[in-house]
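Me: Could you take a close look at one part of this structure for me, a strand and the partners beside it? I would also like to see the setting around that part, in plain words that I can take back to the bench.

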Amino acid sequence: MANSVPLLPPGHSPASFMGVIKQIEAIIGAEHVFVDTDRLAPYAKIMIPDPDEVHAPAGAIAPGTAEEVQQVMAICNAQTVPVWPISTGHNFGYGSAAPAMRGTVVLDLRRLDRILDFDPVLGTVLVEPGVTYKKLLDYIDEHGHPFWIDVPGPGPIVGPVGQALERGIGYTAYGDHFGHSCGFEVVLADGQVMRTGNGMIPGNNTFNTTKYGYGPYLDGIFSQSNFGVVTKMGLWLMPRPEVYKPFLVVFEKHDDLEKAVEICQQLKLHNVIKNTPIVGHILYQIAQQVRRADVFKGSGSVTDEWVSQYAADHRMGVWAIPAALYGTEEQVAADWKLVKKAFRGTGATVLTDLLLHEDKGWQHAKRQMAGKLDLDEFALYNWRGGGGSVWFGVTLQARGSEARRFVDLAKAILSEFGFDFLGGFMVQAREMVAVIDLLYDRSIPEEMAKAHACYDKLISEFAKIGIGVYRTNTGFMDKAAEIQGEVRREVNQRIKRALDPNGIIAPGKSGIRI
Amino acid sequence: MTTRREFILIGGAASMVGLSGGLVWHSGRKTSDTLVIRSAEVPSAAMAAFDAPGLETIFSGDYAALVDLVGQHFAKDGRRVIAAVDHAGALLLARTLRGHAGVRIAEHRLPHRNGQEFNLVIAERGGKA
């Protein structure tokens, strides 16, 4: 229990807020309620280019069960205390654990960490928000279940509920994390509990097998939103394949981008490549291996010429595409022939594990595409140092020309501010997600201001050509929502007012408020 | 909680190993429950005064192992971790351990004369960072 209150939720006096805190302590235990500055520090530590105080929470509460979440929500709703739900709180480069609105109380669900059901025949698992991928993988391995998981970059320390709700992307054939969720248990603002799909029918057993149930499909409105607090989620798991064949395609020139995207798109459209081929710019790999100051002596952004030279000196291409085949021996053999045929005569080099086994970057990609865990990608934060990172991600039609348009505009904006293009394209059959990690030194105020201005310009300039972000950080949610237009904003607001009339769940999430 | 003040910065020793300040463990403090982690690039002399050499671990760039190792140390009632690691390692430690199970973390930058920079992370159960 704190002896001082550093910050208050809007409209609260110290006495009224501490009254609420005491009620919550009586339910979940004082040891799970934090309001003193030291204890709140972890929740306020961000990587995005905003000052910490902009997103400073008034407190953090960590209930241990869904029932406790219900009781806490009922109190917060009655007393109008806004809460910011987090699962593991490691949404790095998107705002981490900190709320969009200063003075919000973080609702930390990490103690809800049970694996509640596992069906080894249907390949479904029911998890709480605090379950990490490491815990899930350990469980699967311990029980010898023939399934894989699909993980994002920070796999061991984050979990499937947060990933699915934020619509994150992974590296196996089950890389669409929201797409492979099935059934949400949601605590509403007034403390009521609802299950999606057919989950409200007594005795029904399709909660985690049937997505749509009867009537409107509601799962989607609980993703990237603030309409409820998800306390359980069903997840579909990928059967362990008989054969896993990862490979790497390398293109040597910047101008090969269009070709690389178009071939990947066709291989996806025809279901040859089962996972998501990532057409990655080599600087993203270089940045994981060396520090910028050690290798680049110029001023401003790293240039294409420098990248070409570095890539040539180190026998790398400019575009590298890790991808994989999964299936029976016969299926993989047939698909492998099609992959080789698709890249033949294009100037690309297709490399297999046999040739790459010594390469650290390849080992990481190989693990990721098999749902294994590491944190190797964190080496990226050594590139500039200073702990600043903000992800810019948009969806595009899966065309080479679109990729070119994205790269040219993004590089022009980044170079205006002296930042580097570290990114790539996750290519699907019809769409692709383009992402950039804008790295900067957060300890230098001028650099943070530049990173903020750069990100702002990225959103604005891409909006001018009809391109919107698919996910963004807590500092830019309002701006990203504005781009969607007034009608869309108003519909979101109407739903918000209906489900959360006091506006206590995650105010400002995705730009939605009452 | 151990503060940076308890790491005596000795200019002479520091320059010998290339750091802006040599790190010497406060000699009066019990260290049997302290885990020391050092990036291979950080000269061992920089942390030579630790009197629990058996607990020193070299960090070779495996971030998942780093997080596991530190988590296990605290799970086994370890009291303190002192890590001289790169930016990414420090960033991870600060975000995975801070505030949990009563562990508090202090971070300090550690410039090296060759232009590189490491981070010193001090994590300790209880007390105040």
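Reply: In this predicted model, chain A comes to 16 helices and 19 strands. The C-alpha atoms of chain A fill a box of roughly 70 × 55 × 45 Å along the principal axes. A compact globule of 514 residues would have a radius of gyration near 24 Å, and the 23 Å of chain A agrees with that. Of the 514 residues in chain A, 53% are buried. Among the contacts in chain A with a separation of 6 or more, 73% link residues 24 or more positions apart.

The domain assignment divides chain A into domain 1 (14-111), domain 2 (115-239), domain 3 (243-467) and domain 4 (477-501). Domain 1 and domain 3 of chain A have C-alpha centres 36 Å apart. Their contact takes seven residues from domain 1 of chain A and twelve residues from domain 3 of chain A. On the domain 1 side of chain A, those residues are five nonpolar, one polar and one charged.

Chain A also touches chain B, in a contact that takes 21 residues from chain A and 20 residues from chain B. On the chain B side, helix H2 (63-75) and helix H3 (87-97) of chain B are the elements that give two or more residues. H3(B) gives the most, with seven residues. By class, the chain B side has eight nonpolar, six polar and six charged residues.

Now for the close look, at strand E5 of chain B. This strand covers residues 80-85 of chain B and is mostly covered, with six of its six residues buried. In general, the side chains of a regular strand alternate between the two faces of the sheet. In E5(B), Arg80(B), Ile82(B) and Ala84(B) point one way, while Val81(B), Ala83(B) and Val85(B) point the other way. Both sets are buried, and Arg80(B) is among those buried residues.

What runs beside this strand? Strands of a sheet pair through backbone hydrogen bonds, either parallel or antiparallel. Strand E3 (residues 34-39) of chain B is joined to E5(B) by five bridges, and the two run parallel. Within that pairing, Ala83(B) in E5(B) has Ile37(B) opposite. Strand E7 (residues 117-125) of chain B is joined to E5(B) by six bridges, and here the run is antiparallel. In that pairing, Ile82(B) has Ile122(B) in E7(B) as its bridge partner.

For a companion picture, turn to an open sheet in chain A. Its five strands have the order E5-E6-E10-E8-E9 (chain A), with antiparallel pairing. The edges are strand E5 (115-119) and strand E9 (193-195) of chain A, and each pairs on one side only. Neighbouring strands in this sheet of chain A are turned by 10° against each other on average, direction ignored. At one edge, strand E8 (residues 181-187) of chain A is joined to E9(A) by three bridges, running antiparallel. Val193(A) in E9(A) is the bridge partner of Val187(A).

One last residue is worth a visit in chain A: Leu354(A), which is found in helix H11 (residues 353-356) of chain A. Leu354(A) counts as exposed because it has 6 other C-beta atoms within 10 Å, and the cut-off for exposed is 12 or fewer. Leu354(A) lies 107 residues from Phe247(A) in sequence, with a C-alpha to C-alpha distance of 9.5 Å in space.

How values were computed. Residues are numbered from 1 along each chain as its sequence is written. Chains are lettered from A and ligands numbered from 1 in the order in which they are written. This is a predicted model: local features need pLDDT of at least 70, side-chain atom pairs count only at pLDDT 80 or more; totals for chains, interfaces and linings use all residues. Domain bounds come from an automatic or database domain assignment. Two residues are in contact if their C-beta atoms, placed from the backbone, lie within 7 Å. Ala, Val, Leu, Ile, Met, Phe, Trp, Tyr, Cys and Pro count as nonpolar, Asp, Glu, Lys and Arg as charged, and the others, Gly among them, as polar. Helices (H or I, at least four residues) and strands (E, at least two) are DSSP runs, numbered from the N terminus. The radius of gyration is taken over C-alpha atoms; the globule rule is 2.2 Å times the number of residues to the power 0.38. A residue is buried if 20 or more other C-beta atoms lie within 10 Å of its own, exposed if 12 or fewer, and partly exposed in between; C-beta atoms are placed from the backbone. Two strands pair if DSSP finds at least two bridges between them. Axes are lines fitted to C-alpha atoms, for helices over the stretch in contact, and angles run from 0 to 180 degrees between N-to-C directions.
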